[in-house]
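Trainee: Got a minute to go through this one with me? I'd like to start with the strands.
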Amino acid sequence: MKYDVIVVGGGPGGSSAAICLAEQGLRVLVLEEKRMPREKLCGEFITSECLPTLSRLGVMDGVLAAGAERITRLALNVSSGPPVSARLDEISKSAGWALSLSRARFDQILFDRARDAGAECLERVAVRECSYDGATPDGVEAISLPAGRSLKFNAHFIVDASGRNSRLTVNRTERVAGSRGSRLYAMKAHLSGVEGIEDQVELHFFRQGYGGLSRVENGLVNLCFIAGERVVKEAGGAPLEVLRRTMMTSPLAGERLARAEVVGKWLTAGPLSFGKRRLSQSGVIAVGDASGMIDPFTGTGIQIALRTGELAADAIVRHIANRGADGLVQRVLASYAADYQAEFGNRIAVAGILRRVALTPGVANVAARILALVPAFAVHLLRATRAGG
């Protein structure tokens, strides 16, 4: 059987694309390397801009029923200055609230919805590489992890939603993510015993890094933070020691985390690379983190994953009636690239500028004092990293 589309990866970008494609009657195969549900390193913040997409995908009720916490406020904290806070209805044009839910539950809801929409969804299948008909991808070579058996699947289009370390569209230079000693690493855990985090997401900025706290289901708080390579090495890579040397240097964060206990296990990732990447490689369409990573302090990573899945699916649907025509893949890629640039180009550029400010201690301290004096400027900057969904 030849599928219309193979989607590699069952996270938000892949499931979003699969749902949209399957609902249009296309034959869709989703290949997920892990067994669902699985945890992912993520801020687990579902912005207001995600809400229209979740409704279109038919998962909004499921997300709410899974225990998603409603978030109405954002607080920015820098150890050298007063905090800056804002209501989400000041930042977003979509809604006055956002959600927070563990990626294990969120991704499972989307994955199940893709299956219900008609996509064939296989777990524990690792894609090794694409196969080609000339210069055009026509399938993937994979392996069934439980059986150790080689598999081959064919399709007209390949959508890469396999993340920032994709084997299909991300090259080695992008994985290296900067010069040794200056790279960034991320750590995440769910915590109990955290006081004072209710309907808000808190961002804490410290020297060469930042982290966030927000409540997720079951009364837990998600902690996710980014730290520079030097402090990670000095702490021997031990998450609690890295946390002590970084985020807990913020008085408020130290107070929040003083009696916290880790529930489950720590997740780590790095080195990280932010910014836009190629939207395709050798005819494979990249969505989600494979297409680039916006800075986590914007809180919009999940939204971009969902929307790139939708945009890629829309481009395929617009052109797939001409199966077999010369240049079909190129036309789909051109449509997708134009839509991506229109929606995300400026946002990613603004986030890149803000990243350099946030990770330069002297500049960050000055910026913090300015934002404390003129809170409306902080709202304006955050709004510039967002768009309607």
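Trainee: What order do the strands of the open sheet take?
Mentor: The 7 strands of the open sheet run β6-β5-β13-β14-β15-β12-β16, with mixed pairing. Strands here are DSSP E runs of at least two residues, helices are H or I runs of at least four, and both are numbered from the N terminus. Two strands pair if DSSP finds at least two bridges between them.
Trainee: Which are the edge strands?
Mentor: β6 (84-87) and β16 (261-269), each of which pairs on one side only. Neighbouring strands in this sheet are turned against each other by 15 degrees on average, ignoring direction. For such angles, axes are lines fitted to C-alpha atoms, for helices over the stretch in contact, and the angles run from 0 to 180 degrees between N-to-C directions.
Trainee: Before I go on, what am I looking at?
Mentor: This is a predicted model, where local features need pLDDT of at least 70, side-chain atom pairs count only at pLDDT 80 or more, and totals for chains, interfaces and linings use all residues. Residues are numbered from 1 along each chain as its sequence is written, and side-chain values use heavy atoms, with hydrogens and water left out.
Trainee: Back to the sheet. How many bridges join β12 to β15?
Mentor: There are 8 between β12 (residues 184-192) and β15 (residues 221-228), and the two strands run antiparallel. Leu-184 stands opposite Gly-228 in β15.
Trainee: And Arg-207, where does that lie?
Mentor: In the loop between β13 (200-206) and β14 (209-215). Arg-207 is exposed, at 67% relative accessible area; exposed means over 50%, buried under 20%, and partly exposed in between (1.4 Å probe, protein chains only). Its C-alpha is 8.5 Å from that of Ala-227, 20 residues away in sequence.
Trainee: Which loop residue has a positive phi near 55 degrees?
Mentor: Arg-124, which is not a glycine. Arg-124 is in the loop between β8 (120-123) and β9 (125-133) and is partly exposed at 29% relative accessibility. Asn-218, also not a glycine, has a positive phi of about 65 degrees. That residue lies in the loop between β14 and β15 and is exposed at 61%.
Trainee: Change of topic. Which residues does a cis peptide bond join?
Mentor: One such bond joins Met-36 and Pro-37, with omega about -5 degrees, and Pro-37 is in the loop between β2 (28-32) and β3 (45-46). Another joins Gly-270 and Pro-271, again with omega about -5 degrees. Pro-271 is in the loop between β16 and β17 (275-276).
Trainee: How many disulfides does the count come to?
Mentor: It comes to 0, where a disulfide is a pair of cysteine sulfur atoms within 2.5 Å.
Trainee: Why is there no bond from Cys-42?
Mentor: Because the closest cysteine sulfur, in Cys-224, is 6.9 Å from its own, too far for a bond. Cys-42 is buried at 12% relative accessibility.
Trainee: Now the largest nonpolar core. Which residues touch the most other members?
Mentor: Of its 58 residues, Val-28, Leu-54, Phe-106, Phe-157, Ile-285, Ile-316 and Tyr-336 do. Helix α11 (residues 328-358) gives the most to this core, with 9 residues. A nonpolar core is a set of buried Ala, Val, Leu, Ile, Met, Phe, Trp, Tyr and Cys residues joined through side-chain atoms within 4.5 Å. A second, separate core of 22 residues includes Ile-71 and Ile-226.
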